[in-house]
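Hi there,

Here is the structure I promised to pass on to you. Have a look at it first, and then read my notes below.

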Amino acid sequence: MLRRLAVPAAAALAALVPVLLHAPAAAAHAAGPPAAHAPGQVCFWTGAGQHGTGWCYGPPGYADVPEFLHDKAVSFRSDLNRDVYAIDWGRGTCYARLIRAYDYSDNWSWGSRIDGVADTNQGCEAG
């Protein structure tokens, strides 16, 4: 009886091992900074010097930054061959901060205002 249960249990465990081995790596990539600055993206981090938890944006369009970066980006790096805009949605208006192609900041004061990123200024005032 025990042997009959051991074979299906071993097969189920063998099928589960690849899932368990890949899950932490995927979760770490989603929560942490990218392994390398991806061409065609601008990346933002919660820590100075492009450290901490990171997130990257690639055009086209607008994207809200994730909650962990909302008004909390400390550094950024653009590996994008075009300008993009950091967007701050204020009361009754919005502000756009230009991020030039291939620009970076290791201690970005405007990151305390960031709500989103876009490939246009979204009709916002210059901020």
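What follows is a short tour of the fold, one sheet in it, and its salt bridges.

Please keep in mind as you read that this is a predicted model.

**The overall picture**

The protein has 127 residues, and 31% of them count as buried. Its secondary structure comes to one helix and nine strands. The helix stands at the N-terminal end of the order, and the strands follow it one after another. If you take the contacts between residues at least 6 apart in sequence, 62% of them join residues at least 24 apart. The accessible surface is about 7600 Å², with 59% of that belonging to carbon and sulfur atoms.

**A sheet of four strands**

An open sheet is a good place to start looking. Its four strands are arranged in the order 2-1-4-7, and the pairing is antiparallel. Which strands stand at the edges? Strand 2 and strand 7 do; each has a single partner strand, so one side of each is left without a neighbour in the sheet.

Strand 1 covers residues 41-47, and five of its seven residues are buried, so the rest of the structure largely encloses this strand. Five bridges join strand 1 to strand 4, and five bridges also join strand 1 to strand 2, which spans residues 51-57. Both pairings are antiparallel.

If you would like a residue to click on, try W45. In strand 2, W45 stands opposite G54, while its bridge partner in strand 4 is S75. Strands 1 and 2 also make a hairpin, with three residues between them. In that turn you will find G49, which has a positive phi of about 65°.

At the start of strand 1, Q41 has D79 of strand 4 as its bridge partner. D79 comes up again just below.

**The salt bridges**

How many salt bridges does the structure hold? There are three, and here they are in turn.

- D79 and R77: the closest N and O atoms of this pair are 3.8 Å apart. D79 is buried, at 18% relative accessible area, whereas R77 counts as partly exposed, at 26%.

- R82 and D119: these side chains meet at 4.0 Å, N to O. The pair links distant parts of the chain, with their positions 37 residues apart in sequence: R82 is in the loop between strand 4 (75-79) and strand 5 (84-89), and D119 is in the loop between strand 8 (116-118) and strand 9 (125-126). R82 is partly exposed, with 37% relative accessibility, and D119 is buried, with 17%.

- D88 and R113: here the N to O distance is 3.2 Å. This pair, too, links distant parts of the chain, 25 residues apart: D88 belongs to strand 5, and R113 lies in the loop between strand 7 (104-105) and strand 8. D88 is buried, with a relative accessible area of 11%, while R113 counts as partly exposed at 27%.

Why do D79 and R77 fall into separate classes of accessibility? Buried means under 20% relative accessible area, so D79 at 18% counts as buried, and R77 at 26% counts as partly exposed.

Happy browsing, and do write back with any questions.

Best wishes

Note on methods: Residues numbered from 1 in each chain as written. Predicted model: local features only at pLDDT ≥ 70, side-chain atom pairs only at ≥ 80, totals over all residues. Heavy atoms only, no water. Buried < 20%, exposed > 50% of the residue type's maximum accessible area, 1.4 Å probe, protein only. Helix = DSSP H or I, 4+ residues; strand = E, 2+ residues; numbered from the N terminus. Pairing = 2+ DSSP bridges. Contact = heavy atoms within 4.5 Å. Areas by Shrake-Rupley, 256 points an atom, 1.4 Å probe, with all protein chains shown as cover.
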